Amino acid sequence: MVLAVFTALVGLMIAPVQLDPLLKSVAVLAIAAGAGAAGVLNMWYDADVDALMTRTAMRPIPGGRVSRTEALVFGLALAGGRRNRSWYRR
């Protein structure tokens with residue numbers, strides 16, 4: 001996730017045209033939200049397998065700190081929030 005956000009940030013910084021700073025910030029936040037949504041939904045989907053592996057057993061869902069339902073709702077909310085792109089239409 002960090003690599004995707006960093007790559008987007010660098011791309012926006014070296015763009016051949018000067019972009020609005022607010023637009024750049026919103027773009028980076030949207031990319032971060034998309035990456036976060038993918039991570040949460042992946043952990044929701046793999047929670048049963050994660051509980052069996054030593055390396056992943058203490059993640060929030062298998063560790064019992066977050067319920068599967070909470071993770072699903074949060075992941076879908078992050079993913080769905082990215083679909084509203086009306087803020088940049090003129």
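**From the first helix to the salt bridge**

Val-10 has a relative accessible area of 30% and therefore counts as partly exposed, since that class lies between buried, under 20%, and exposed, over 50%. The model described here is a predicted one. Val-10 belongs to helix H1, which covers residues 2-13. On the surface, Val-10 takes part in a nonpolar patch of about 640 Å². The other members of this patch are Leu-3, Phe-6, Leu-9, Met-13 and Ile-14. When reading such a list of residue numbers, it helps to recall a general rule about helices. An α-helix has 3.6 residues a turn, so residues three or four places apart point the same way.

The next element to consider is helix H2, made of residues 21-45. How far apart should the ends of H2 be, at 1.5 Å a residue? The 25 residues of H2 should span 36 Å, and the distance between its end C-alpha atoms is 36 Å, so the expected span and the model agree. Several residues of H2 are buried, among them Lys-24, Val-28, Ala-33 and Gly-34. The buried set of H2 also includes Ala-35, Gly-36, Ala-37, Gly-39 and Val-40. Against which helices do these buried residues pack? Their partners are H1 and helix H4, the latter formed by residues 68-81.

Val-40 offers a closer view of this packing. Val-40 lies in H2, and its relative accessible area is 18%. That value is under 20%, so Val-40 counts as buried. Beyond its neighbours within four places in sequence, Val-40 is in contact with Ala-71, Phe-74 and Gly-75. A distance to another part of the chain may also be given: Val-40 and Gly-11 are separated by 29 residues in sequence and by 25 Å in space, taken from C-alpha to C-alpha.

The packing can also be viewed from H4, where Leu-78 is found. Is Leu-78 buried or partly exposed? Its relative accessibility is 22%, so Leu-78 counts as partly exposed. With residues up to four places away in sequence left out, Leu-78 touches Ala-33, Gly-36 and Ala-37. These three residues also appear among the buried residues of H2. Sequence separation and spatial distance can be set side by side here as well: Leu-78 and Ala-30 are 48 residues apart along the chain, while their C-alpha atoms are 9.2 Å apart.

The path now turns to helix H3, residues 47-50, where Asp-50 has its place. Asp-50 is buried, because its relative accessible area is 4%. Which residues does Asp-50 touch, not counting those up to four places away in sequence? They are Met-43, Thr-56, Ala-57, Arg-59 and Pro-62.

Two of these partners deserve attention, beginning with Arg-59. The side chains of Arg-59 and Asp-50 form a salt bridge, with 3.3 Å from N to O. A search of the whole structure finds one salt bridge. How do the two residues of the pair stand with respect to the surface? Arg-59 is partly exposed, with a relative accessible area of 28%, whereas Asp-50, at 4%, counts as buried.

The second partner is Thr-56, which is located in the loop between H3 and H4. Thr-56 has a relative accessibility of 1% and so counts as buried. What does the side chain of Thr-56 reach? The side chain of Thr-56 comes to 2.9 Å from the backbone oxygen of Asp-50. Apart from its neighbours within four places in sequence, Thr-56 is in contact with Asp-50 and Pro-62. Pro-62 is likewise one of the residues that Asp-50 touches.

How values were computed. Residues numbered from 1 in each chain as written. Predicted model: local features only at pLDDT ≥ 70, side-chain atom pairs only at ≥ 80, totals over all residues. Heavy atoms only, no water. Patch = residues over 30% accessible without salt bridge, like charges linked within 9 Å, V, L, I, M, F, W, Y side chains within 5 Å. Areas by Shrake-Rupley, 256 points an atom, 1.4 Å probe, with all protein chains shown as cover. Salt bridge = Lys/Arg side-chain N within 4 Å of Asp/Glu carboxyl O. Helix = DSSP H or I, 4+ residues; strand = E, 2+ residues; numbered from the N terminus. Buried < 20%, exposed > 50% of the residue type's maximum accessible area, 1.4 Å probe, protein only. Contact = heavy atoms within 4.5 Å. Expected span 1.5 Å × (residues − 1). Polar contact = N/O pair within 3.5 Å; in protein donor to acceptor, adjacent residues only side chain to side chain.
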